[in-house]
Amino acid sequence: KENLTYLQLMDRCKIEQETGLCLLCLRDLQYMDSQTSVAFQKAQFSIAMGKFQGRTMSIWEFLNSDYITDTKRREIAREFSSKKLTIEQIITIFITMTEETERTTQTDITVDGFRKKVSLVELLRSQVIDNSVLMEVQTGKKSVSDLLQIPSMRRYLQGESSIAGIMLEHSNEKMSISQAKKKKLLMPGTALILLEAQAATGFLIDPVKNAKFTVDEAVKENLVSADLHQKLLSAERAVTGYKDPYTGDVISLFQALKKDLIVKDHGIRLLEAQIATGGIIDPVHSHRLPVEVAYKRGMFDLEMNKVLSDAGDDTKGFFDPNTRENLTYLQLMDRCVKDPETGLSLLLLKK
């Protein structure tokens, strides 16, 4: 029964593994008397490692995190009420728990991210998985293959298909964006913007072969022409990261936008494409982030969320060749069809 910020409340939620949705867990805490709950809310301690590294938390907050099972929660409350445990001892227990969890995860299992391996510990810190899933994999109850079948895992590691190509309505013929441009079915500017969105969401796509390529690979495979190489490499930095000219650090698309390292309209288009296909990409850790984690890492903020949600002129940077309207990326994706053979999103051309 606390008043919290929205971000604090989201911190206490769990990501549902099947859907990736953020859910608030309601717990029956009637077994805990008011004196105990007040004492737990007042007592604070610092955490040096694990999911909450660098944070100061109350016993109450940690007790209600996914580090603590309901059985353990009841046991601690009962022993504190009966004076078998002191506040100091509880804090010691919690610190030991985080240290043991961290030690267990030092020999961590990894999965494929956009450009490099991603550890399960990083996915835990990013709230893509929780402790129970991590332990199931580490103890052999679940395989990495099982893990990759979870929709939320696929969403944050791969995302949904960007607009992969086009399909001709009269013949059901499918082709790449570049092919459509060569056949003058798409204007060069429209094709470039769609290709940039592909690059900024992970890979350039050949919808005929159902193959994905980095920009360099796509040029070598003649999927895109060499004259677009530099422009597409620039868009691909939304995945691989931008270099901060002042610190030398690798920063995200949003951070580069805030530092005026890229043109606003261009950056918003790429950012919108990332969100429409599954979430903002963290270039340092090579996977997508839940929105609340992106807020914490400084890779997104409420102001930009509002800009992208309003669907105003600032975000209508994508052209529908059928209706000649300017749309948001999400609106254009809604007008696509799913290729029944590959599941890729294809823009249906009606002429």
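Helix axes are lines fitted to C-alpha atoms, and the angle between two of them runs from 0 to 180 degrees between N-to-C directions. With that in hand, the helices of this predicted model can be described. Helix H2, spanning residues 34-42, packs against helix H4, spanning residues 70-81, at an angle of about 105°. Their axes lie 10 Å apart. Since angles of 65 to 115 degrees count as roughly perpendicular, H2 is therefore roughly perpendicular to H4. On the H2 side, the residues that meet the partner helix are Thr36, Ala39 and Phe40. H4 brings Ile76, Ala77, Phe80 and Ser81 to the contact. Sorted by type, the residues of this contact come out as 5 nonpolar and 2 polar, with no charged ones.

Next up is a sheet. Four strands make an open sheet, lined up in the order S8-S7-S18-S17, and the pairing is mixed. At the edges sit strand S8 (174-175) and strand S17 (336-338), each of which pairs on one side only. S17 is joined to strand S18 (residues 345-349) by 3 bridges, and these two strands run antiparallel. Val337 stands opposite Leu346, a residue of S18.

Then there is empty space to look at. Rolling a probe the size of a water molecule over the atoms shows where such space is left. The second largest pocket comes to a volume of about 360 Å³. It is lined by 21 residues, and the closest to its centre are Gln158, Gly159, Glu160, Ser161 and Lys212. The lining of this pocket is a mix: 10 residues are polar, 7 are nonpolar and 4 are charged.

Conventions. Residues are numbered from 1 along each chain as its sequence is written. This is a predicted model: local features need pLDDT of at least 70, side-chain atom pairs count only at pLDDT 80 or more; totals for chains, interfaces and linings use all residues. Side-chain values use heavy atoms; hydrogens and water are left out. Two strands pair if DSSP finds at least two bridges between them. On a 1 Å grid over the protein atoms alone, a cavity is a set of points where a 1.4 Å probe fits but cannot get out, and a pocket is an open set with protein on both sides within 12 Å along at least five of seven lines; lining residues have an atom within 4 Å of a point. Grid points are joined across faces, edges and corners, and a volume is the space filled by probe spheres set on the points. Ala, Val, Leu, Ile, Met, Phe, Trp, Tyr, Cys and Pro count as nonpolar, Asp, Glu, Lys and Arg as charged, and the others, Gly among them, as polar. Angles under 35 degrees count as roughly parallel, over 145 as roughly antiparallel, 65 to 115 as roughly perpendicular and the rest as oblique. Contact means heavy atoms within 4.5 Å.
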